[in-house]
Every structure is written in C-alpha cells, then in structure tokens.
Amino acid sequence: MDTMRDRFISTTSRLLDEDPRLALVLAEISKDGFQQAQRRHPDRVINVGIREQLLIGAGGGLALTGMRPVMHTFASFLVERPFEQLKLDFGHQGVGGVLVSAGASYDWPAGGFTHMSPGDVALLDTLDGWTVHVPGHPDEAEALLRQAVAGDDLVYVRLSLQSNAAPRPVAAPNGFTTLREGREGVVVAVGPMLDNVLAATEGLDVTVLYATTVRPFDAETLRRAASAARPDVVLVEPYLAGTSTAAANDALATLPHRVLGLGVSRRELRKYGSIDEHLVGHGLDPAGLRLRVTSFLDR
Amino acid sequence: MTNTTDALIPIHHHPHARPGVERLSRLMGLMTGAEKHSPAATSTLDALWVLYDRVLRVSPETVGDVGRDRFLLSKGHGPMAYYAVLAAKGFLPEELLTGFGSYDSPLGHHPDRTLVPGAEIGSGSLGHGLPLAVGSVLGLRAQGLTEPRVWVLIGDAELDEGSNHEAIGYAGPAGLEQLHTLVIDNSSATYGWPGGIASRFEAAGWSAETVDGRDHEALYAAFTAPHPGRPRAVVARVEPKNA
C-alpha cells in the first residue's frame, strides 16, 4: 500500500494538471516525487530550497495574487519553524492556503525529536479559522486533500506513516462518524488512532466516534453521543495529549461531564526505535489505551 | 519659508525635490498633530512619493486589477508617510488621517491591508514583505502576467531578519525580474552592513544601486533602470535615524 505522502504526491501531481489556480511550494522535502510535475508545470511547482520562512511567505504572496498555494515539508519545519509566517502571511493578510505535512509525531523515531512534531495541531489552535484534517488512511488523505485544494480557506492536512488497515468514507462537512454505540462512555478516535482504539475498547459498552477532521470540532455529534451515554469522554489523538480537551469541554458546557485527553506526552521520550515502540512509550498501543480508558471509566 | 507647518527640511532643501510633496507634510500633520516630523517618520517619504507619483502603474481606479503594479510596505513602522502618499494619490480620503491610531480608524500605527484602501499587505513585524513579494511575483508569473512589477519597501535594520535573506538568496538565482526591493537606509541596523547593503543583493545575483534617498531624480533613475533577467534592489540612503 502507498503511504499518505505517496498519495499526496500522486494526487497533487494530477490536481496540478487539472487546476491552473493550484501552485505547490516545496522546501526540498519530497522534491524527487514531484520531478515530473515540476517539468510539466515549472511556474507552479516551486522549490525554494531549505528556506521554511520563505516557503510560507511565498505561499502567502501566491495567495495574494489569487493562486491556491499548497505548502509542504515535514511538520516541524512547516508549522513550528515558520509559525509567525503562518499567523501573519495568511490569517492576518486575509488569504487562504493549504499546508500538507509529513513526519507527524514520530514517523521517523530513529531520527529523534528534531523531526517530531506532536505540538503542530495545538500550535495551529492558537490561530483563527484553520481547518485541520487528520486522515487515518491514504484514501482518506486523498479525499481530504481534494476538498482542501478546491476551497479558499486555511487548511492543514496532517499526513502520517501511521495508518488504519481500512479506509472509512470521508465526505464534507467532515463531522465525526459514529462507529459503535454504548452506554458507559464515549471514546473519540482521531485519524490513525482508530484501529488501536477499536482494539482497546473491544467488549466495552462505549460509543466510539471517529474523527478525520478535528477543526472545526464536531461539537454537535459529541454532545449528542455524550447525552445518550454516560457523559464521560475520552479523546485519543495522535499528537499532543489534551489538544482537543478544551474543544470537547466547550462542546459539553451545558452537560455535567468528565473529559480525559490521551495522546503524545509533552515530555521527550529521548528514545529512537520504531513507531510501535513509541506508541507503547506514550501508552497509545491497544493495551495501554485499554488500561487508561477502563480506569477512567471505572472511577 | 514662513509657514512652519511645511517644515519638512530634508525634502525642501534638496535641490532635486519636486513640487507636490509639500502637500504630504500637511497630510502627515493631520495624523501626528506635529509641525515637524522626525527623520524616522519621513525617511521613506521621498522614495514613496517618487514611486507613487512617477513609477507605479496603480491608481485608486485600478487597485483591483490583476495587471496592476504592487507596492508592499514591509517596513510597517511609522506608516504616516505611506498614508499621506495614499491620501495624496486618492486611495484613501484625507478625512481618515485625523483618526490615525484611534479605535474606529482603519489607519493603525502598523497598516492592515484589510482596512486600508490600496494597501497590498498588512505589516508591522519585520521580514514578511520580501517573502510575500517573492510569492506575488511567482503568482503573477504562473498566471502569465509578466508586465506587473512588484515593489517592496524594507528598512536597513529590517534586513537583519533571516527571512529576508532567504528571499534574497532565492530571488536572484530564480531570476525574478519583476521583483524590486527598495531599502531605506537610515543607518539604523546595530551592526551595519560592512561592504554596503547593495553588495549583499549583488552577491545573490540581483541588480543593485545605491542612491541619495532625498534626490527625486536619482531615485527615479534608479527605479526605472533596466535589469533584464534579474531582480532589482535600490538602496536609498537618508539621514541616520539617530542623527
């Protein structure tokens, strides 16, 4: 199976053929995959070199002239390094664009913390108006990317090597999907955490919601699910633990409730190894999740 | 000179100043209430005036045209001269100037493009305009619009920002001929630019020239000099900020 990043390259290459408004801005990362697209569209496939501030600033300038820029590199360098550019060259200028990251929280564990970005979604959360897609499968990534490119707004598409075994249908307006209904609580699985969440909640009498879009946050579906079950909510996110806790609390403001935010811990593990080992390290493997979900619900 | 409200000394004393800028002093007075303006407030004035009066192909009637020239004020600090020029050229009504910085005014101490008629970008944080200008040229080029020129104004201290060096280092080799950077040099960079500012641009493949930033004819000549296949930088030297 191809990865989400492979799918991003093939899909974007096709979209560049179809949509003259589309421009792709790169900072060396993934340039090999886009060689053919660059030959076909030399004015719209732009590699600025290892210059992430320029990557975002140039994207903002493209948007000012009416183009639809897609900006891509590893999440750490796309969101964290040029953060003020994202804040000012898009939102403040009143223009839109599409960020597509790779690398996620620990797609290259042997690479260490410099290439890990568990805080990207939390960081974007300080800005207004960003739609955040967290696909759980390459098919979902393609569908969400196509949506993102067709619009005019601010969109972040967070790609990862972590993937669920099977895709789920993705359709606007991107609300949470109810996969299972129960009475003892609600568990929200975000993107590639779904398979582990389903395994962890096997046999538990809980509602499981699946989210591939976390901003805007589907408050309505969560509220409905929490009203129909015990209003104990567990969020399982593939990035910084607690990133969506405030959104969930806001959604449940009129309902006495409890929320547990699970995800990547803030503390650096300072470990290399594999993705699976990092999932265990952060308690996001099926056994770790089950332990934490059941102890929360049993309280 | 008897009218002290027109006391923009550097402009008026320059042998090559052109008529028309006298208005700007009065317009700036509407914002600041001051009869005189600090060099920092007027450092950009002559260069802005020459650009808007004689170089830029943009008017209040064409601010929405895709084929217009773009002027991006990156140095958003002290924008009174910019607002004065926009008002003098009819982009915004003169009456707005008196509200400068007040809650309901569209004119802040840093400009916001969504509020100021004619402003291409919002600015204030240093080092954003030149990358935005690079992207604007790329966007125009991708749409086959090779005529419009993009100008961005930065300060010599603003040049300290690394984002500008990312843009300079890319734009030269990429041959962005439509791109023009105007550097207002009032010697405000703490460490200065040994070897001269223009040399930094030239080393990156730009066409560059340094001129007297109060000499309108010299500015005009530098602004309009041909530079085939290369972006252009004009360094306009004015009185030191702290002089």
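This is a short tutorial dialogue on reading helices, their packing and burial in a predicted model.

Me: Let's start with chain B. How many helices and strands does chain B have, and in what order do the elements run?

Reply: Chain B has 9 helices and 5 strands. Starting at the N terminus, the order is α-α-α-α-β-α-α-β-α-β-α-β-α-β.

Me: What share of the residues of chain B count as buried, and what share of the contacts with a separation of 6 or more comes from residues 24 or more positions apart?

Reply: Of its 243 residues, 54% count as buried. For contacts in chain B with a separation of 6 or more, 76% come from residues 24 or more positions apart.

Me: Now a pair of helices. At what angle do the axes of α4(B) and α9(B) cross, and how should I classify that?

Reply: Begin with the angle: 65 to 115 degrees would be roughly perpendicular, and under 35 roughly parallel. Here helix α4 (residues 45–55) and helix α9 (residues 216–224) of chain B have axes that come within 10 Å and cross at roughly 60°, so α4(B) and α9(B) are oblique to each other. Their crossing is right-handed.

Me: Which residues make that contact?

Reply: From α4(B) come B:Asp46, B:Ala47, B:Trp49, B:Val50, B:Leu51, B:Arg54 and B:Val55, and α9(B) supplies B:His216, B:Glu217, B:Leu219, B:Tyr220, B:Phe223 and B:Thr224. By type, the contact holds 8 nonpolar, 2 polar and 3 charged residues.

Me: How do I read burial along a single helix, say α7(B) or α5(A)?

Reply: Keep the helical repeat in mind: with 3.6 residues a turn, residues three or four places apart point the same way. In α7(B), the buried residues are B:Ser163, B:Asn164, B:Glu166, B:Ala167, B:Ile168, B:Tyr170, B:Ala171 and B:Gly172. In helix α5 (residues 83–92) of chain A, they are A:Phe83, A:Gln85, A:Leu86, A:Leu88, A:Asp89 and A:Phe90.

Me: What span does α7(B) reach, and what follows each of these two helices?

Reply: Helix α7 (residues 162–174) of chain B has 13 residues and reaches 18 Å from first C-alpha to last, close to the 18 Å expected. Just after α7(B), B:Gly175 takes a positive phi of about 65°. After α5(A) comes A:Gly94, also with a positive phi, near 75°.

Me: One last residue: is A:His278 buried or exposed, and what is it in contact with?

Reply: The cut-off for buried is under 20% relative accessible area. A:His278, in helix α11 (residues 275–281) of chain A, counts as buried because its relative accessibility is 2%. Beyond neighbours within four places in sequence, A:His278 is in contact with A:Tyr106, A:Pro109, A:Met116, A:Leu269, A:Lys271 and A:Tyr272.

Terms used. Residues numbered from 1 in each chain as written. Chains lettered and ligands numbered in written order. Predicted model: local features only at pLDDT ≥ 70, side-chain atom pairs only at ≥ 80, totals over all residues. Heavy atoms only, no water. Axes fitted to C-alpha atoms, helices over the stretch in contact; angles between N-to-C directions. Helix = DSSP H or I, 4+ residues; strand = E, 2+ residues; numbered from the N terminus. Parallel < 35°, antiparallel > 145°, perpendicular 65-115°, else oblique. Left-handed = near helix turned anticlockwise from the far one by under 90°. Contact = heavy atoms within 4.5 Å. Nonpolar A, V, L, I, M, F, W, Y, C, P; charged D, E, K, R; others polar. Expected span 1.5 Å × (residues − 1). Buried < 20%, exposed > 50% of the residue type's maximum accessible area, 1.4 Å probe, protein only.
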